[in-house]
Amino acid sequence: MATILVKNSAGQPLPGATVRLYSNGNALREKRFDLELITDGSGKATYDFTDYYKSGQAGFAVLDISVSKGNLEGEGIIKVEEEQTTEEVVVLQ
């Protein structure tokens, strides 16, 4: 699982922000993941990748993060590990 915590520049959680997780697949630029969620009341968006894991897989994916709300934007990267919850904080400015 991957949890993105979105905060404003004052460090407060920001509900209602659009969080996009994505990555490019192969050299043909095929999209492997391109997922979008809206942050909840605590400023979090949680993605469940359980159905994508393969048994015995070492590591899973490194995904780009793009977040926006109104005229505020932020970016980041998250490494998603098999059977673990990874959290990344993105500050919108």
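**Notebook: aromatic rings, strands and salt bridges**

I began with two aromatic residues and noted that Y47 and F49 are both buried. Here buried stands for under 20% relative accessible area, exposed for over 50%, and partly exposed for anything in between (1.4 Å probe, protein chains only).

I recorded the ground rules next. The model is predicted, so local features need pLDDT of at least 70 and side-chain atom pairs count only at pLDDT 80 or more, while totals for chains, interfaces and linings use all residues. Residues are numbered from 1 along each chain as its sequence is written, and side-chain values use heavy atoms, with hydrogens and water left out.

**Entry 1: overall layout**

I looked up the secondary structure and found zero helices and seven strands. Helices (H or I, at least four residues) and strands (E, at least two) are DSSP runs, numbered from the N terminus. In order from that end, the elements read β-β-β-β-β-β-β. Of the 93 residues, 33% count as buried. I also looked at contacts (heavy atoms within 4.5 Å). Among those between residues at least 6 apart in sequence, 53% join residues at least 24 apart.

**Entry 2: aromatic rings**

Which three residues form one aromatic cluster? I found F33, Y47 and F49. Rings of Phe, Tyr and Trp (its six-membered ring) pair if their centres lie within 6.5 Å; planes under 30 degrees apart are stacked, over 60 edge-to-face, and the rest tilted. Two aromatic pairs result from this rule. The F33 and F49 pair is edge-to-face because the ring planes stand at 80°, with the centres 5.3 Å apart. F33 belongs to strand β3 (residues 31-38) and F49 to the loop between β4 (44-47) and β5 (61-69), so this pair ties together parts that are 16 residues apart in sequence. The second pair, Y47 with F49, is stacked, at 6.4 Å centre to centre and 15° between the planes. For burial, I noted a relative accessible area of 3% for F33 and 0% for F49.

**Entry 3: the β5 and β6 hairpin**

I checked how β5 and strand β6 (residues 72-80) are joined, and they pair in the antiparallel sense over nine bridges. Pairing of two strands requires at least two bridges found by DSSP. One of the partnerships sets V67 against G74 in β6. The hairpin has two residues between its strands, and G70 takes a positive phi near 60° there.

**Entry 4: charged side chains**

How many salt bridges does a search of the whole structure find? I counted three, each being a side-chain nitrogen of Lys or Arg within 4 Å of a carboxyl oxygen of Asp or Glu.

- D34 and R20 form one, with the closest N and O atoms 2.7 Å apart. The pair links distant parts of the chain, D34 in β3 and R20 in strand β2 (residues 18-24), 14 residues apart. D34 is partly exposed at 42%, and R20 is partly exposed at 23%.
- E87 and K44 form another, at 4.0 Å from N to O. E87 lies in strand β7 (residues 86-91) and K44 in β4, so parts 43 residues apart in sequence are tied together. Both ends are partly exposed, E87 at 45% and K44 at 32%.
- K79 and E81 also meet in a salt bridge, at 3.3 Å from N to O.

I returned to R20 and found its charged end over the ring of Y22, 4.0 Å from the ring centre. This label requires NZ of Lys or CZ of Arg within 6 Å of the ring centre and within 35 degrees of the ring normal.
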